[in-house]
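Welcome! Here are some short exercises to work through with the structure on your screen. Each one comes with a solution in steps.

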Amino acid sequence: MAQEIFDKVKVILAEIENTNPSSAEETEQFRIKYLGSKNILKPLFGEIRNVPNERKKEFGQLVNSVKEAAEKKLESVKSKVAEADEAAEANSLDLTAPGEPLSVGTRHPVSIIMNKIVETFSRIGFTVAQDREIEDDWHNFTALNTPADHPARDMQDTYYLLHDTEKLLRTHTSSVQIRTMENQKPPIRAIFPGRVYRNETISARAHCQFHQVEGLYIDENVSFSDLKQTIEYFAKEVFGHQTKIRLRPSYFPFTEPSAEVDISCFICGGDGCNVCKYTTWVEIGGCGMVDPKVLENCGIDSQKYTGFAFGMGVERIAMLKYRINDIRLLFENDVRFLNQFKSAL
Ligand code: PHE
């Protein structure tokens, strides 16, 4: 009788030794059968009472060795199965499957327009000049023939530096025109892209920071018709070949004569719409012949040389072109807004 119980345990031991689980599923089943809370060894413990006293110790040791064997087996099988699973996963890699799409960024609409303007002028020989945003009074105002009492100097419009009131944030990139004329002999043909600042109340139509591209052409015999032709070329390149330009007399301290630049409305093409406010024209910037006084301020002989200058606001053009109705969108960098310019590159 007792021998029978010993034999049963030995059968289980042999079974354990001969079982080789080969998957995670089989391993779990092995664990439940031999080591789980209802394992098959448990009922055998109950039969210990049928074992004669002198063999009880032997029986206990045998049952324990079965448990140890099951534990040992489980350990060795577990790591093998994990390795096999990894290998299987590697084999299931489908190298022909299409890759995860990488989302590409977008250029900011202001950069798109700025690049387009720079590229358009560089095709007709204009170089690009950039300079500091913190300027002095001379380069931003005085050299540009802006009298001391000119409204553009009003503290309302200009940000002066607190710790150094001689310095200000440039209100236009005309300051770079001055620096270029001071450092270069004519002929000069350059454009000046950059960020400018004005102390404006922020609203849908105005911001305290924006971007400009200004341009300058100084040589002998530069005339107003050269200016007109250059503006016309630019307008057709950027807004389409059917675009017409209109120059309206205006005033800037640094140009004489001066004009505002209008282009025919590229949205309605002359029928009238709310972009051009039913006038069929939209204003994009200012221009004029460089005042001789400005040339002299920069050490250029105004008897020998003449020149023209122009300037435009990049945000304004971007807003017109992309029908953006609030300038603040251009400074918030909300990706939902920016993602709309993916195809505009
Ligand atoms: N500097 C002027 C502005 O910021 C623009 C301009 C440039 C006008 C050159 C005429 C000539 O408003």
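**Exercise 1.** In this predicted model, find how far a polar side-chain atom of serine 174 lies from a nitrogen atom of the ligand.

*Solution.* Start at the side chain of serine 174: one of its polar atoms lies 3.0 Å from a ligand nitrogen atom. A polar contact is a pair of N or O atoms within 3.5 Å, and the 3.0 Å pair at serine 174 is therefore such a contact. Next, look at arginine 198, where a polar side-chain atom lies 2.9 Å from an oxygen atom of the ligand. Then turn to glutamine 212, with a side-chain N or O atom 2.8 Å from a ligand oxygen. Finally, consider the cover: on its own the ligand has 320 Å² of accessible area, and the protein covers 89% of this.

**Exercise 2.** Work out which residues and elements surround the ligand.

*Solution.* Begin with the 13 residues around the ligand, of which His172, Ser174, Arg198, Gln212 and Glu214 come nearest. By class, this shell has five nonpolar, six polar and two charged residues. Now for the elements: strands E5 (209-219), E8 (281-290) and E9 (306-313) each give two or more residues to the shell. The largest share, three residues, comes from E9.

**Exercise 3.** Where does the ligand sit, and which element gives the largest share of the lining there?

*Solution.* First, place the ligand: it sits in the largest pocket, which holds about 1400 Å³ of space. Next, take the 50 lining residues; Arg198, Phe210, Glu283, Gly313 and Arg316 are the closest to the pocket's centre. Last, find the main contributor: E8 gives eight residues, the largest share of the lining.

Conventions. Residues are numbered from 1 along each chain as its sequence is written. This is a predicted model: local features need pLDDT of at least 70, side-chain atom pairs count only at pLDDT 80 or more; totals for chains, interfaces and linings use all residues. Side-chain values use heavy atoms; hydrogens and water are left out. A residue is near a molecule or strand if one of its heavy atoms lies within 4 Å of it. A polar contact is a pair of N or O atoms within 3.5 Å; within protein, one must be able to donate a hydrogen and the other to accept it, and residues adjacent in sequence count only if both atoms are side-chain atoms. Accessible areas come from the Shrake-Rupley method with a 1.4 Å probe; for residues, only the protein chains shown count as cover. On a 1 Å grid over the protein atoms alone, a cavity is a set of points where a 1.4 Å probe fits but cannot get out, and a pocket is an open set with protein on both sides within 12 Å along at least five of seven lines; lining residues have an atom within 4 Å of a point. A molecule sits in a cavity or pocket if more than half of its atoms lie within 2 Å of its grid points. Helices (H or I, at least four residues) and strands (E, at least two) are DSSP runs, numbered from the N terminus. Ala, Val, Leu, Ile, Met, Phe, Trp, Tyr, Cys and Pro count as nonpolar, Asp, Glu, Lys and Arg as charged, and the others, Gly among them, as polar. Grid points are joined across faces, edges and corners, and a volume is the space filled by probe spheres set on the points.
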